[in-house]
Each structure stands twice: as C-alpha cells, then as structure tokens.
Amino acid sequence: MDRVKFLIPTFILFIIAISCVPAAAADIVADSAIAILPPNVSDVIVSDKPNDPGGTLVVEWILPDSAALAAMPIKGVNIYLSGNHDGPFELITSLPKSALHYECSDLQDGESYYFKVTATANGLESDGITSAAGIPSGQWFNTERLPILIVVILFSITAITFIIKARGGYDFYVRPIAGIKAVDEAIGRATEMGRPILYVPGLGSAADVATIAAFTILARVAKKVVEYNTRVIVPNYDPVVMAICQEVVKEAYASAGKPELYDPKDVYFITQDQFPYTAAVNGVMLREKPATNFYMGMFYAESLVLAETGFVSGSIQIAGTDQLVQIPFFVSVCDFVLMGEELYAASAYLSREPQQLGTLKAQDLGKVTVVILIIIGVILSTIGMSGFANWFNVG
Amino acid sequence: MSTGQLIGNGIAAFLTLCIFSFLYKDNPFYKFAERLVAGVATGYFTMLLFWTNFIPKVWEPLYERHEIIYIIPTILGIIMWTRFSKKWAWVSRYSIAFYIGIGSGVAVTLALYTYLFKQLQATIAFPISMDVAGINQLLVVVAVLASLIYFFFSTPHKGAFGVASKLGIYVIMIGFGAGFGLTVMGRIALLVNRVIFLKGYLIALFGG
Amino acid sequence: MRREVPLLIVFLFGLFMIVQYFIPHAKFAFWYQEFNNWTIIIGIFTMIVGIGSLLSVHYSKIRFRQEGWGYSLVTIVALFGMAIVGLLGGTEGDLFLKLYRFGLSPVTATMFSLLAFFIASAAYRAFRARNVISTLLLAAAVVVMLGRVPIGEILGGWLPRWLQLPNIADFLLNVPNVAAKRAIYIGVGLGVAAVSLKIILGIERTWLGGDGGKR
Amino acid sequence: MNIFEKIMKVDRRWVYLAIGLAVSIPAVYELVATYILKKENTTINIPITPSPEVKKVYDFVESMKPGEHLFICVDYDPSSMAELNPMTTAIVNQAFAKDIKIIFVTLSQFGPGLVEQITSSLAAAHNKVRGEDYAFLGYRPYPAITILAMGVDFRVPFPEDYYGTPLDSLPIMDGIKNFNNLKGVIELTSGNTADFWITYGNGRYGFPLALGITGVMSANYYQYLSSDQLLGIIPGVKGAAEYEELVGFPGDGKAQMAYQVIAHAVILVFIIISNIAFFGTRKRKGGMEGGAQ
C-alpha cells in the first residue's frame, strides 16, 4: 500500500522531470509540485529504549527509496505524538532528513504511545505513517554493563579470598617500594632537625579514593610524629577532608596516651580555591621550614609550585598521586614519588596488616589477567576479529 | 580605559607584582597578597555555595516546597558541626561515613570502567601490521605490558621479570619526560599572558 | 555506636552505589541522584566548620598579638567583606564580580604563571644525566621541547625527515607516553577498586581516625 | 669550590631572572619600538621554516583559482583563541587576497562570536562583501549529524545563514549544493570535532580536509597524514607562525612564537650548562653522585 501511495506522484514527477533540461530538473520540480505531496517514509517502528531508567521510546523510520527522492527531494521529517492510534496528534519535533531515529523522553512508563512520521518538502507535508503502540519502561539490569559486573564479582571474590587466606597466616612476598620505606626515615630526620612535618592532602574531596589513601598514610605519619615528639602541620583545601584529618591526627595522639598534646590548630582549613590555597601552603613552607613535606592525594597544576617551593626551603619531599599529568613534575623535583597504583598500595604496606596485603595479591592477579587479555586481544584484532575488543566497550 | 577600570587594573597589577616578588624571597608584599586572597577566595566560594547550592538544594526544597526528605541530609550536614565540640566530635563520623560510603561505592565501578576497560579496549583495538601505524601499535603493546610488569607488587623483580620491569620503568620515564616537555610551552604562555597584561596596563597608564 | 554504626553506613551506601550502576531503573536512578545531592549538602554545612577553623587560627593570632597578626586581620576583613558584598548583592552583583576580577583572579593567574619559572628551575636541577632513568627523562623532555619550537628544525633540518626532532617528539608522545599512561591507568583502576572494596568491607578504616578505631 | 660546583649550585633566582627577562624582551622591545622609536611594525622576526604539513595546507589554498569556494569550520572556543585565531586569520587573509570565496560554519557553541570577529575585521580590510565573497551559515550542535547533512546539501542543516538570509538568496551559494562543489574544507578546532570531520566528512564524502589544532592535540592527528585522510595539519602557535610566514602577514602567531622561542632557548641553555657542570664535577670526584629517582 505504502509503495502505491508514493508511486503515483513519483510517476507524475518523473514525466515532468524528463521533459525538462536535466540540470534544472530539481528547481522546476520544486516550483511546480505545489499540489503534489512528498513521498511518505516507511517502516515506522517504535520500541522501548533499552537499558534506560524508563520514560523513553525510540522511533525509527526508513526514508523513501532513491528513485522517489530523486523526483522529489524531501527536506526532513516531522514527528507527531498521540496517546491514541487515531489522534489527535501533536507535533513534537522536526528533524533533517539525515536523522533516521528519534528518542522521545519524559513519557509515562506503562502508557501506550503512537507516533506519526511525515516527510516534508517545499513547505508541503506527506500524510504520514502511524506506528504501532509503544510502551516505555525502565529496565532492572543494564545488559551493556554485564562485563563490568563480571569483573567486579571476580575481583571481589579474589580479593576476599586472599584477605581470608592472609588472616589465616598465609605469608607472601611484597616487593619493597622506596617511597614507602622513606616515610619512616623522613619522620626520623624531622625529629633530629627539630623541625615540623608538613602533610598536604591535595585538592581531592573525601569521596576521592586517592584522598582516602592519603588518610592512611597520614595515620602512619601522625603515629610516628607522636612517637618522636615532633609536630605535623596539615593545611586543608576541603573542609570534610579537614574534619577527617583532624580525627586521624587526634586519634594518633589519643592512642599514644598523649591527647593533651594534640593542637587542632595544626590541622586547619585554608580556602577552597586552588591557587590561593597554593599561595598559603607556600607561605607555610617558607616560614615554618618543615623538615619533610608529604604531598599525598590529588594534585593538579599546583604540584610543581608546591614541590619547587618545598625544595627551596630545603625539605625532603615525598609525593604520591594518581594524577598522571603531575607525576613527571613530582618525579623531577621530589625525593620519592608513589606513582599511581603505588599510592594505593602504600596504605596496605604501611598498615602492615596481612589482610591489607591480601588485596595487593588480588591487584597483581588482576594485572596478570590484563596482560593475558592484551595479548589475546591484539592477536585477535590483528587477524581481523575486532569483536573481542568491543566487548570492553561498555556503555 | 575609564578611571574606574584604571584603578581596578592598578590593583590587579599591584597584586600581580606582589606574587612575582615571591620569586626573590618571602616578603611582606607576598604575605599580604597571600592572606588577602585566602580571605577573598573563602568569602567568594562561601557565597557561591550559599546562592547556587544552599538556596536551591536546601532552602527551597525544605522551606518552600516542604520536601521533608531533605531533612536527612540537612541533619547529616548539621551533625558535622559537632566538630566544634571536643566531647561530641565523634558524632560527625556518621556524616563522614555517608560521604565515604557514597564515594567508594561509586569509585569501584567507575574506576573499572574508565581506567581498566577503556584503557584495555584502546590498547587492543588496533591491529599490528607492517606500516608505520601498525609498528607503533606493536611498540605500544610491548611498552604497556612492560610498564604493567613494573607495577607488580607480589613478585620479586628478578630474571626475565626484572628485565621486563626495568624496560617498563624506562618506558614510563620516557613518557614522563615527553609529558614534561609538552607542558613547557603552555606554562610559558601563562607567563606571557601576565606580561602582556602588565604591558597593556603600562600603555593605558602612560601611552594611551 | 562510635565505630560500628559508621562502618555499617559505609557498607550499606557503598554497596548501594555499586549495585545501582547496573540497574538503570528510574527508582535507582532517582536515589543515585539524591545521594549525590546529599553529599553536596553535607559539604555546604561543613563549609561552616572550615570557616570556623580559619577564624580560630587567625583570631588567636590577633588576640595574642602573635607575629604577623596584622596579616591575619587582612584575611578576616577580606573574608567578611566579600561575604557581606555577596550576601547583599548576590553572586552576579557588580561589586562582587569586580572584587573577583581585580582582587582574586590576578593572583590566581599569577600563581599559575609562576609555573613558567618553576618549570625552568626544575629542569635546570633535575635534567642532569645522573643515571639511565634521569637521562631518559632528560632526553625525552628536551626532544619534545625542541620539537615544539623552530629551534628544533634549525638544529635538525639537515636530517632525513623521520629523524627530525618534531617527528621524534611525536613518536615519543604517541608511543611511550601513551603506553605509560595506559599502564598507570590500568594499575590505578585496580588500586582504586581494591581500596574502595576494603573501605566498604570495613577492612580499611583509617578515616575513622588513627589506627582505624581499633580501640 | 671550582667553577663547575658553583654552576651546579647556582642560586635558582638566576634562572628565574633569565626566564623573566626572556619573556619580557619582546614586550619591552614592542614598547620601546612603538613609543620611543615610533616604529610601525614591532613584531620580532623569528626565522621560521614552515614544516611540510603546514606548507601543504598553504599550497592547497594557493592552488585555488579566484572565484572558487573554500569551506572553513571554526570549531574552537575563546579559551583556545590564542592558538587558533592566528591560523584562521592567516588563512582568511590568504584566501581573500586571492579572491577565493569562503563559506564559514561553526560546530562550537561559542564559535559564532569568533567568526563574526574575524570576518568583520578582515572583510573590511580586503573590501569583501558578505553574501557575495563570503558567507557565515551559523552554528549547529551535534557535529556528526550536521556534517553528514551538509554532505547532502548545506540547506538541510542551514536553510538560512547566520543572519537569517535564505541560502538560495546568497549569490555566493549559487550552484553550491554540498561538499562536491567546494575545493576543500579547513577545520580549526580545539576539541573532538576533528574526529567527526575525519570520520564523517572526509571518510564519507572524500573531500580534501586540512586541520588546524592546538599544540597539545597535534600528536594525535599525524597518523591521518600518512593515511592520506588529511592533506595537512597546522599545529598550535608554531603552525600558526609558520602559516603566517608563508602568507607573508606577520601576526599574533609570530608574535607569540617570539616569546616562546626565547624562553625555550633559555631553558635549553640552562639544561646544557647544568649537564656540562655535572660532568665537570663528576670527573673530579670520580662519579659519586647518587641521587633521587
């Protein structure tokens, strides 16, 4: 039926077209086709959008074939919506003809909706095709993310297995990391020099895992500081981070039985703006002349400003960050750097608890898997099987 | 420039020179600028928080729309004020726990997606071949594998493993050097912008 | 109460945030959005704690006339001045914006531009061919720097094209730089996942203070 | 302490001073030349050798005949203006001087302001008329869809130009339906629109495509030169300066390059001195330098 509907106008247009100069055909068609409607689109299909929270339907259609388009080039399509098959329809959008589908959102889940798609050309509009009913719904599982779910489950099982194993007394090798070994030495040095330690927890929020890793290292530093009777200064960028740092340092004093020595003014807030914060920390470095500076957590462009100033004031500097762009600057200026994953491993190293070290083994197993996947993946891509790589292209 | 602008830019130029003076050594001018902006920035961001977050996210839902659910985060927020008390400070752990729970929960899947899956996919998506792009891809794959081996914690870096790990740290260092070199131009451009600002001010003051 | 309840809160909300990632349904999407919103709300109230800390540090300096107490006065006056202007005129107010433009942004921009000096002094000190690692760092940085400015072409213009500095620079950026980035990111991904799991399971609890509230 | 040891431990402030002077020289020179010596052209002339990928873009525009059409897509925002505006200016200068007709489009939200700024000043300088010698079709979001649609007919995404004139009423668009009627496309971008132009533009419609991009992005796009998907690339300030050199209109690109070259040279000299001193001290002491990673 659809085909017949546009075959007739197509035929008439074709007659007109061949009777004119070919080059000017399109223009003349445009002028003379006043009474003739554009060809209709076909196969209007409506479906629920997969893996979405609900309320969205996807409308798809197929443009008239090239013969019909050659006779009468359409400009675009209009999309109408109704709760009823017979209307009344309401225009919701006009799209260029390059668009082949449309996502209609803000609909009610469980209700039926009908779409009518019409073609437009030269201010005229075809009578349109109406779709079958579409019912939007939200899904309970995002199938595109299945690969990540598998990895989360496998990784958790592996990590928990090693944690349990480690609790049971299973002992395994961990490679020494220079930056982590240096933490204790650096604190000792501060004591000898009678100068404080500066601990900068970065610009991250308390919800950033890099900052949480920084708390663990601060706990270690604070414990040693109490032991050696020295002082740790923690200037903060984020008030929530400050609150946690205060708690960490206070506990260190309390657990050593010296709660009265803790001064909350040593763990304080500066400001929540990158460079004013940096300016103030620079000031602390030059005036307090700390023996050791720690930079742990998330750092951005201020990394080099801090590290250079710290160098000028003659401090030993230990940095740890997962911010890739900043690592080169820390590596150039600081004495020790925990790069990326080493920052996360540091919390396990410093706690010295076997169950903490257990997760390191799980991380290594993860890396072994990645190495194997890379080798297999590259071989498959090279022999032309790109499907494997796409498996990791999740939504 | 109008007189007002001239004065405004004069202050800006003065503060610019205050910060530059730090390069020579710490001094009262730098200290003044540092302490001034600590106050200005805190005031600025607090007001930004107040108008663009507190009003639409707390005040309007609670006071104007009576959405009682927002009492919960408000209480969690006010609980943080127990930090002013020595005795009750531990109560703030409840809010901190919520904060950290949300952060670490989001991080698990997000880290695996953006760091693990995307990087893995990017590494294996291209074929190895005998042209320039294909050989580069082969080198990238070898370099990624070696660098990954450098990060193994539970295996001694000895023998063949040690060689691979050493190659890995070499790759990482070359990569870092390249990253350092790439940044230089942008950093100089920042300084050039300040110099051009000062030059423009001088012209406005004397030449214009 | 001091330890178990916070650990339970972390476990429940952490688990919820993992689970919701896989469930697109509107109900989960709604709570995901809400919980994120709540963390922002907690942050708003905590700002008061931050300002309290700032004021107490500077107030005690002023009160006891400690060295440099005048600068502390500057901070407090600036803070309240900015707050009053923002409170009365809003964040789009003319004076508020002017204070930002002439008082805050030049300092921010100048602090940022100090990097041009620091990158030079860092290069001067760090880029010495002490050992293999620092030589590689030095060589890669110098090649990329030269490849970005005409000096590189003047120096190496006589070489075959593939050996000219801009091309070597591009190779360094496309191969070792990309490879290092990928390897570090993959490690970071595993590290973040591991630490997050430990936090959710209550194994990593330093954030509760000191030794993880062992006492 | 011998000379090498002194150099090794030189006060960092000498390095700062050198950098400060290096970036101040062009500014001071400009001030002195303009206000004391009363010179007209105050740009420092850095000798610049155009690289092949930049020269290819220049040659491509140069090979066009008067009256032919060039398509320029301005897809950056004001934050990348410093790097990309000099390129756009140089290309437009070259094309206008050769009486080439230019069609502008932008796929960046902040693009229209930039295009208007460039066209209004340069059109006046070259006595060009809007609608006849150049046209600005406007801004559309969704780059992929827009590029695909323009491949069919410019009138699909842009029935009217930026100023509301129907395309059919613009003399410059006479006989210009889609990319087939143009000589080529030059895409100036600070973002991912370059990928869309390569995949959907060149990939689908096969027109000659050249890129102007920021310095940091450049490394990612050279691969498309060897696969012939791009006819040339203008990378960052350096590329802009080279293009200005070719066109013979010294502009902001060369001015910025002067600052960059002097500063880079100073840093490199310091690195060389530092290493000479390092090896000088090591020879005496027999290589006892340990050191940080």
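The largest cavity of this predicted model has a volume of about 140 Å³. Its lining is made up of 14 residues, among which Gly147(C), Arg148(C), Ser218(D), Pro235(D) and Lys238(D) are the closest to the centre of the cavity. Two or more residues of this lining come from each of helix 5 (132-148) and helix 7 (165-174) of chain C, and likewise from each of helix 8 (215-218) and helix 10 (236-247) of chain D. Sorted by class, the lining of the largest cavity comprises six nonpolar, four polar and four charged residues. With a threshold of 30 Å³ or more, the count of cavities comes to three.

In chain D, six strands are arranged in an open sheet with parallel pairing, and their order is 3-2-1-4-5-6. Strand 3 (134-139) and strand 6 (232-235) of chain D each have a single partner strand and stand at the edges of the sheet, so one side of each is left without a neighbour there. From one strand to the next, the twist of this sheet averages 15°. The edge strand 3 of chain D pairs in the parallel sense with strand 2 (residues 101-106) of chain D, and four bridges are found between the two; in one bridge between strands of this sheet, Phe104(D) has as its partner Phe136(D), which belongs to strand 3 of chain D. Helix 5 (residues 111-125) of chain D packs on the sheet, where it touches strand 1 (69-75), strand 2 and strand 3 of chain D, and the direction of this helix makes about 170° with that of strand 3 of chain D.

An open sheet of six strands is also present in chain A, where the order is 11-10-9-12-13-14 and the pairing is parallel. Its edges are formed by strand 11 (267-269) and strand 14 (336-339) of chain A, each of which pairs on one side only. When direction is ignored, neighbouring strands of this sheet are turned against each other by 15° on average. Within the sheet, strand 12 (residues 292-298) and strand 13 (residues 316-321) of chain A run parallel and are joined by six bridges, and Gly297(A) has Thr321(A), in strand 13 of chain A, as its bridge partner. Helix 11 (residues 341-351) of chain A lies across strand 12, strand 13 and strand 14 of chain A, and runs at about 100° to strand 14 of chain A.

Turning to the contacts between chains, 104 residues of chain C are in contact with 102 residues of chain B. About 9700 Å² is buried between chain C and chain B, and 83% of this area lies on carbon and sulfur atoms. On the side of chain C, the residues that lose the most area to chain B are Phe45(C), Tyr71(C) and Arg182(C), which together account for 8% of what that side buries.

Chain C also meets chain A, with 59 residues of chain C in contact with 71 residues of chain A. The area buried between chain A and chain C is about 5500 Å², and carbon and sulfur atoms give 75% of it. In chain A, the most area is lost to chain C by Trp140(A), Phe275(A) and Leu324(A), whose combined share is 11% of what that side buries.

Notes:
Residues numbered from 1 in each chain as written. Chains lettered and ligands numbered in written order. Predicted model: local features only at pLDDT ≥ 70, side-chain atom pairs only at ≥ 80, totals over all residues. Heavy atoms only, no water. 1 Å grid on protein atoms, 1.4 Å probe; cavity = no way out; pocket = protein on both sides within 12 Å on 5 of 7 lines; lining within 4 Å. Points joined across faces, edges and corners; volume = space filled by probe spheres on them. Nonpolar A, V, L, I, M, F, W, Y, C, P; charged D, E, K, R; others polar. Pairing = 2+ DSSP bridges. Axes fitted to C-alpha atoms, helices over the stretch in contact; angles between N-to-C directions. Contact = heavy atoms within 4.5 Å. Buried area = accessible area lost by both parts, 1.4 Å probe.
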